[in-house]
Structures are given as C-alpha cells and as structure tokens.
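Please look over the sequence and the model below before reading on. The paragraphs after them are meant to be followed with the structure open on screen.

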Amino acid sequence: MVAVAELAGVSVRRGTKLLLDSVDFRVEAGDRWVMIGPNGAGKTTILQLLSAQMHPTSGVVELLGEYLGAVDVFELRPRIGVSSSAIASRIPPREAVRDVIVSASYGVVGRWREEYDELDYARAGSLMRMLHVDELAGRTFGTLSEGERKRVEIARALMSDPELLLLDEPGAGLDLRGRELLVQTLTEICLDPDAPTMVLVTHHIEEIPEGVSHALLLNQGKVVAAGPIDQVLTSQNLTAAYDMPLEVARNNGRWTARAAYRSASGEAAPSPSGESSSGRLVASSQS
C-alpha cells in the first residue's frame with residue numbers, strides 16, 4: 001500500500017521538553033485513523049507534523065510523497081485539509097458560512113479580493129449538503145451553534161479536495177445531541193470510499209465514528225500501541241496509555257471506556273468517591 005504519511009524515528013524537542021520520542025507511524029491510502037492519549041501525550045505535535053506546520057528535531061517525516069525539509073511546505077499544505085480550534089478562532093464572526101467554506105480554495109481565512117468561479121461555489125454547495133449545513137449558507141459564522149460550527153469547519157477542510165484530512169478534537173465543547181450528530185456525520189465520511197485518508201484526534205473513545213480502521217495510542221510522547229482498531233483499543237492498552245485501570249467495550253460499532261474499580265475480593269465495586277470499597281484500584285483484564 002502507498003504511504004500517505006509516515007513518521008520514522010521522529011522526535012521533537014522544545015527546550016528541555018521531549019514532545020515526541022522516536023515515534024514510528026505510517027498512514028496508508030484509504031486509512032481512517034483515530035489518535036488517542038492523555039493531555040501532553042503528543043497528539044497535537046503529530047498533527048502539526050502531518051499538516052506540515054512543524055519540522056521534527058530528528059527522524060524523517062514523509063507527507064504525500066515528499067519529505068519535510070526537502071519540499072516547499074506552502075505547496076504541500078493545500079493538499080492537506082485541517083479542522084482545528086486554532087483555525088476556527090481565526091474565522092471572522094461576520095463571515096457568511098458559504099464564504100467560510102469557499103475561501104479554503106485559496107487557503108485563506110476571511111474573504112478579501114479573491115475571485116471564485118461557479119465550480120468553486122458548486123463544490124462548496126455540495127459539501128454543505130454533505131455536512132448538512134446547506135440551510136446555513138447565508139448565516140454568519142458567529143451566529144452558529146457549536147455543533148453547526150464544527151460541521152462547517154469540516155466542510156471547509158474538505159473544500160480543496162485534500163489527499164489527507166486532519167481533524168483535531170472535532171467533538172470538543174459539544175453537548176450530547178451535538179456530539180451524536182457530529183459522530184453521524186463523521187461516520188458518513190469514514191464509510192465514503194471517495195473520502196480522503198483521515199486522521200482524527202479525540203480525548204473520548206465514545207466519539208469514534210464507525211468506519212475508523214486504525215488507532216494510535218500515545219503516552220508521554222511515545223507510542224503505546226498502533227494498528228487495526230480492534231487490536232489496539234483494549235482495556236490493557238488504554239490502561240497503559242492513561243496510567244489508570246480502564247475497561248473498554250464495543251456495542252453496535254460504538255466504543256466506551258470506564259474506570260475499572262474492584263474490591264479486594266475481585267468483585268466490581270463502583271464508588272462515587274472514585275475508590276473501590278477497599279480503597280484500591282485494580283486493573284481489569286484485556287477485553
């Protein structure tokens with residue numbers, strides 16, 4: 001299979017802080033990856049590498065057949081679609097939704113003097129229908145709900161017909177209804193064979209849509225496990241990634257995780273206080 005992105009022995013250091021430590025990670029054409037780990041695990045750093053916004057301190061990063069450090073990143077970045085809170089914060093609140101999306105053709109945030117043709121607007125319209133935001137085309141970005149904004153941001157990330165789609169915590173800040181609507185939308189993208197190769201970052205495995213094929217677990221800048229999602233998202237692996245006993249389950253294609261509290265006798269003993277009846281935490285076995 002063709003590698004859309006590959007990190008080989010990649011480390012990133014900032015001052016005395018080691019953000020990534022000898023990470024190997026390969027994304028092949030058509031893959032749908034989810035990246036999970038606690039705060040500070042290195043997820044955002046990997047996304048910055050994959051979006052050609054950062055160079056590694058050591059190791060090799062290959063993106064879309066090019067190598068960071070040997071390619072003009074300004075030519076590479078338009079081939080990569082990104083949805084993140086950092087980009088969203090730069091969108092003018094008074095910008096119309098249609099313009100928020102179509103302006104991604106030029107890789108700019110906020111309409112200025114660019115000119116767009118009928119094909120640009122046709123693609124923007126198609127994406128708005130696909131992301132179920134076509135009725136919001138004339139609304140301004142600042143008047144949208146958080147869930148509506150997330151779907152508009154994803155439509156914008158798809159506008160340039162990218163070869164790689166990066167989604168950084170798209171479910172952050174959503175209520176239950178907003179989260180479920182977003183997961184439904186992401187499921188449609190994951191199951192679409194014409195959709196780009198995707199890497200999704202989330203803090204909650206409940207937000208993983210159906211169709212995600214692979215998972216990468218990180219902790220303190222190191223890979224805990226990587227590979228097919230059914231092999232990676234186990235109680236044992238999540239326990240190692242989060243340094244606490246966790247139980248993982250899958251039901252009707254959706255994942256859940258919860259702390260595994262057990263008494264001294266080995267029986268489950270959930271406690272509102274966050275401790276078992278014996279005051280000890282015992283890791284569950286692998287699911």
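What follows is a walk through a predicted model, taking the sheet, then the pockets, and then a single residue.

A convenient starting point is the open sheet, which is built from four strands in the order 2-1-4-5 with antiparallel pairing. Its edges are strand 2, residues 17-28, and strand 5, residues 66-67, each of which pairs on one side only. In general, the strands of a sheet pair through backbone hydrogen bonds, and they may do so in a parallel or an antiparallel sense. Here, strand 1, which covers residues 3-14, pairs with strand 2 in the antiparallel sense over eight bridges. To locate this pairing on screen, one may take Val10, which stands opposite Val23 in strand 2.

From the sheet we turn to the empty space in the model. Rolling a probe the size of a water molecule over the atoms shows where such space is left. The largest pocket has a volume of about 830 Å³, and of the 30 residues that line this pocket, those closest to its centre are Gln53, Ile80, Val82, Ile87 and Arg90. Several elements each supply at least two residues of this lining, namely helix 1 (43-50), strand 6 (80-83), helix 3 (85-88), helix 6 and strand 7 (164-168). Sorted by class, the lining of the largest pocket consists of 14 nonpolar, eleven polar and five charged residues.

The second largest pocket has a volume of about 230 Å³; it is lined by 13 residues, of which Gly147, Arg151, Arg177, Gly178 and Leu181 are the closest to its centre. Helix 6 and helix 7, the latter spanning residues 176-191, each supply at least two residues of the lining of this second pocket, and helix 7 provides the largest share, with five residues. The class count for the lining of the second largest pocket is two nonpolar, six polar and five charged residues.

Helix 6 thus appears in both accounts, since it supplies at least two lining residues to the largest pocket and likewise at least two to the second largest pocket.

Which residues, then, surround a chosen position in this helix, Glu148? Glu148 lies in helix 6, which runs over residues 146-158, and its side chain reaches the backbone nitrogen of Ser145 at 2.8 Å. When the neighbours within four places in sequence are left aside, Glu148 is in contact with Val133, Leu136 and Arg139.

Conventions:
Residues numbered from 1 in each chain as written. Predicted model: local features only at pLDDT ≥ 70, side-chain atom pairs only at ≥ 80, totals over all residues. Heavy atoms only, no water. Polar contact = N/O pair within 3.5 Å; in protein donor to acceptor, adjacent residues only side chain to side chain. Contact = heavy atoms within 4.5 Å. Pairing = 2+ DSSP bridges. 1 Å grid on protein atoms, 1.4 Å probe; cavity = no way out; pocket = protein on both sides within 12 Å on 5 of 7 lines; lining within 4 Å. Points joined across faces, edges and corners; volume = space filled by probe spheres on them. Nonpolar A, V, L, I, M, F, W, Y, C, P; charged D, E, K, R; others polar.
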